[in-house]
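Please look at the aromatic side chains of the structure shown here, and at how their rings are arranged relative to one another.

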Amino acid sequence: MVHPRRICRYVLCISCVIGLSVILRNAHMYLYESCRHEDYTTNLPNDVVRPEVRQSSALEPNYDQTVRSPDSHMQLNKLYAKRRKTMLDACAGRDFDPAFRGNSSQNSIKDHFIVDRKHRIIYCAMEKVGSTFWRRLWQILAGLRSAHNPYDIPAGNALGGGQETFKNVFFDEIHTMISTYRSFIFTRHPFSRLFSGYVDKLFSPNPVFWKSLGTYIVSNFREGKKTGDNICGYDVTFREFVKYIIHSKLHNEHRDGHFLPMHDHCRPCQVTYDIIGRMETIVDDTVYIVKSLGFDVIANTLNKTMRASSVSDTIKDQVDILFRYKNKVCISFYIAQKLMWRKFQIRGVISKHSKFPFTREQAGNITEPEYVVAVTNAVSDIRDQAHAEQYRQEAYAEAFSSVDREDMTKLAQILQVDCEIFGYDCSLTSLYHKLEKSQNPISFNCEWISIPIQIPKLTEKTCLKWFPDTWSLIQLLTYGKQGLLEAKVCSYTQML
């Protein structure tokens, strides 16, 4: 039988442990709350300088990668201080407001935070905001890879290298890191980020997303859908995609990280970042951050080569995906190649006037290196960066023009928190004004395509009923081989 005094000692010890844990937790919380609103940008190095940049408007999709001329360290500090103040003002008193916290689980959020204990820095990575590039660069800065250039690491290895996340870090230690480490994040205009996600995951050849998400969107959000429409999921329109985004937000179901709001990923009202970089100024912001960490050689290299290296890296990575899924796409490989070509045009990598260089017969025998060479040769058709940006904006404008105003209003409400926190102009008035001024929409010639649907007797009237209302049937050709309907169509959403 245990002596009563021994029981008392056990109880006292347990009480002491619990009490000490509570004290430590409260201390961490106090330190976190007292430090999180300090402006760390004033203590960062002043080596890299850049003048103030204009606020991104509702029709400025992405990639202002022009490196700006140095001016003064005061202007540089003001730029980051302004972005941070915008975030702090938007979050003031809203730390625990559900609208500003998002719906992602704690484990999902922890996976986005990458930590380097040696250099005492934290980066929150988000899909469609340069995270593939930054995850590779992080491996070099953290000493996880011996490479000197992030583009020497294949994009498919971006998640490798033994990067440490918050996933296995205890709550108290996370708060200590947040309050004592430097932290940064990259953001992007919410409308632009959404459009980029659509082009990357649903418009271009991507059998994984076509099967998991494309078929779901067609099944649930296509008006007048017919039997067989959702077999493949390759032809999701941007209009249908927006309806899916609205539904997934309102009902918190079938969500995907590539399309979630930025605040839902990285909780800026709980983790008040020291530096906020932007996709629109990714070269400047990357060079500044890398220099502030003491990696001057890498920073100077990126300053000189990042734009050209980014284009080459994009071509190589996307063509690799195209050929990796060569026998897995549910459309002909010829059509898949043309879709990828259109994707490069939409992204401003090649000119919208660059014609697809292969016939159907040639496409059947093309090799991956040959396709890379063809795209690389077409890059020279872009006269300058201004034209590349023009092509991107035209595609962007045409996509959002296809969405009805009621859905645009709902979408704007969903994205409003991100716009407010990160200082983007997302007003529909501004957006529609820009759309109306876009007098030269992206123009793709109509071409023959094959649609995998079964129709026993073909007439033009019957065929029209089988096409979504966003398609415009120009001419019916014939009922082709293997049950394919061949037709000539013009549409932004298809662009085939």
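What follows is a walk through the aromatic contacts of this predicted model.

A pair of aromatic rings is described by the distance of the centres and the angle of the planes. With centres required to lie within 6.5 Å, the count comes to 33 aromatic pairs. In one of these, the ring centres of W210 and Y234 are 6.1 Å apart and the planes meet at 65 degrees, so this pair is edge-to-face, given that angles over 60 degrees fall in that class. The contact links distant parts of the chain, since W210 belongs to helix α8 (residues 207–221) while Y234 lies in the loop between α8 and α9 (238–251), 24 residues apart. W210 is buried, with a relative accessible area of 1%, and Y234 is buried as well, at 9%.

A second edge-to-face pair is formed by Y334 and F356, because their ring centres are 6.0 Å apart and their planes stand at 65 degrees. Here Y334 sits in helix α13 (residues 333–346) and F356 in the loop between α13 and α14 (360–365), so the pair ties together parts that are 22 residues apart in sequence. Y334 has a relative accessible area of 15% and is therefore buried, and F356, at 16% relative accessibility, also counts as buried.

Beyond such pairs, one aromatic cluster is formed by F191, F195, Y198, Y216, F221, F238, F241, Y244, F259, Y396 and F400.

Rings also meet charged groups in this model: the charged end of R278 sits over the ring of Y424, 4.3 Å from its centre, and R324 lies over the face of Y325, at 5.9 Å from the ring centre.

Note on methods: Residues numbered from 1 in each chain as written. Predicted model: local features only at pLDDT ≥ 70, side-chain atom pairs only at ≥ 80, totals over all residues. Heavy atoms only, no water. Phe/Tyr/Trp six-rings, centres within 6.5 Å; stacked < 30°, edge-to-face > 60°. Helix = DSSP H or I, 4+ residues; strand = E, 2+ residues; numbered from the N terminus. Buried < 20%, exposed > 50% of the residue type's maximum accessible area, 1.4 Å probe, protein only. Lys NZ or Arg CZ within 6 Å of the ring centre and 35° of its normal.
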